[in-house]
Amino acid sequence: MDDEGGSFVAVRRIQQGLEHSSGCHSTSAEVVVGSAAWLGRGLSCVCAQRRDSDARPSFDLTPSQDESLQRFQRRLDVSYDGSNPEHQDTLRALWSAAYPGEELSGLVSEQWKEMGWQGKDPSTDFRGGGFISLENLLFFARAYPKPFQDLLQKQEGDRAMWEYPFAVAGVNLTFMLIQMLDLEADKPRTWIGAVFLKFLSENESAFDLLYCMAFKILDQQWLEMHASYMDFNMVMKSTRRQIERELLLDDITCLEDLPSYSLLQQ
């Protein structure tokens with residue numbers, strides 16, 4: 001996978017009427033980009049410093065922010081291990097959350113293709129995102145079951161004949177967000193990264209929550225662009241731009257303030 005989208009295998013949408021079980025309203029209004037000047041008050045714990053010889057801003061972290069980043073990076077270091085019982089249990093938990101009441105025949109099974117994995121062994125698709133990409137999917141399924149099911153079953157909108165595969169798209173999103181937020185660096189090197197680190201230091205599940213919003217944004221962009229499988233990378237780029245714009249809006253104090261959070265409340 002590359003940091004602009006990633007590769008995947010297209011899935012043809014079959015009209016079968018799958019019978020798996022499963023406020024705010026969304027809007028398609030344009031998002032107006034705010035100024036990064038608000039960092040001075042919105043990120044009081046992150047001091048922006050610009051060196052004359054450096055085109056990028058440099059950010060100093062408080063001890064708590066540094067600890068949050070290191071803790072998150074330890075999550076990133078965990079590769080999916082098919083022989084690890086904890087990883088096996090997490091994969092089974094994802095199936096149970098996605099298809100309650102439907103028994104899984106095995107961790108290697110043709111059934112996994114139904115979720116949008118490229119083959120019968122999901123572990124081969126985790127290479128780009130690691131174990132955290134599985135954790136993201138499970139968090140989404142448990143925290144927001146209705147939006148999760150809507151995307152899994154492609155229940156909303158006028159869909160293309162050739163649809164993006166749900167699970168593999170999820171792994172691509174994990175990878176994209178890590179790259180966009182520069183979360184493998186020792187400290188933020190972009191405004192976007194600094195803004196997100198503030199949220200992460202206040203909410204350990206911030207990345208998982210942003211992931212859920214990103215998935216809903218991706219599907220919304222997919223529908224609005226009348227996209228098909230050849231357009232997947234373009235949709236991913238549009239999704240990334242939308243998230244970047246929202247993170248730089250003025251007066252955003254937590255992820256729940258982002259306009260796209262309403263997509264999870266439908």
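## Briefing: an enclosed helix and its surroundings

Helix H5 (residues 145–152) is largely enclosed by the rest of the structure, because six of its eight residues are buried. The model is a predicted one, and the protein it describes has nine helices and four strands. Following the chain from the N terminus, these elements come in the order β-α-β-β-α-α-α-α-β-α-α-α-α.

**Helix H5**
- The residues of H5 that are buried are Pro 147, Phe 148, Gln 149, Asp 150, Leu 151 and Leu 152.
- These buried residues pack against H3, H4, H6 and helix H8, the last of which spans 206–224.
- Directly after H5 comes Lys 154, which adopts a positive phi of about 50°.

**Packing of H3 and H4**
- Helix H3 (residues 85–98) packs with helix H4 (residues 131–143) at an angle of about 35°, their axes lying 9 Å apart, and the crossing of the two is left-handed.
- On the H3 side, the contact is made by Glu 86, His 87, Thr 90, Leu 91, Ala 93, Leu 94 and Ala 97, while H4 contributes Phe 131, Leu 134, Leu 137, Leu 138, Ala 141 and Arg 142.
- Sorted by character, the residues of this contact of H3 with H4 comprise nine nonpolar, two polar and two charged.

**Asn 136**
- Asn 136 is a residue of helix H4, and it counts as buried because its relative accessibility is 0%, where the cut-off for burial is under 20%.
- Once neighbours within four places in sequence are set aside, Asn 136 is in contact with Arg 75, Thr 174, Phe 207, Asp 208 and Tyr 211.

**Tyr 164**
- Tyr 164 sits in the loop between strand E4 (162–163) and helix H6 (166–180), and this loop residue is buried, with a relative accessible area of 1%.
- The side chain of Tyr 164 is joined to that of Asp 219 by a polar contact of 2.5 Å.
- Although Tyr 164 and Tyr 229 are separated by 65 residues in sequence, their C-alpha atoms are 5.9 Å apart in space.

**The protein overall**
- Of the 266 residues in the protein, 50% are buried.
- The area that the protein exposes is about 12800 Å², of which carbon and sulfur atoms supply 47%.

Key
Residues numbered from 1 in each chain as written. Predicted model: local features only at pLDDT ≥ 70, side-chain atom pairs only at ≥ 80, totals over all residues. Heavy atoms only, no water. Buried < 20%, exposed > 50% of the residue type's maximum accessible area, 1.4 Å probe, protein only. Areas by Shrake-Rupley, 256 points an atom, 1.4 Å probe, with all protein chains shown as cover. Axes fitted to C-alpha atoms, helices over the stretch in contact; angles between N-to-C directions. Left-handed = near helix turned anticlockwise from the far one by under 90°. Contact = heavy atoms within 4.5 Å. Nonpolar A, V, L, I, M, F, W, Y, C, P; charged D, E, K, R; others polar. Polar contact = N/O pair within 3.5 Å; in protein donor to acceptor, adjacent residues only side chain to side chain.
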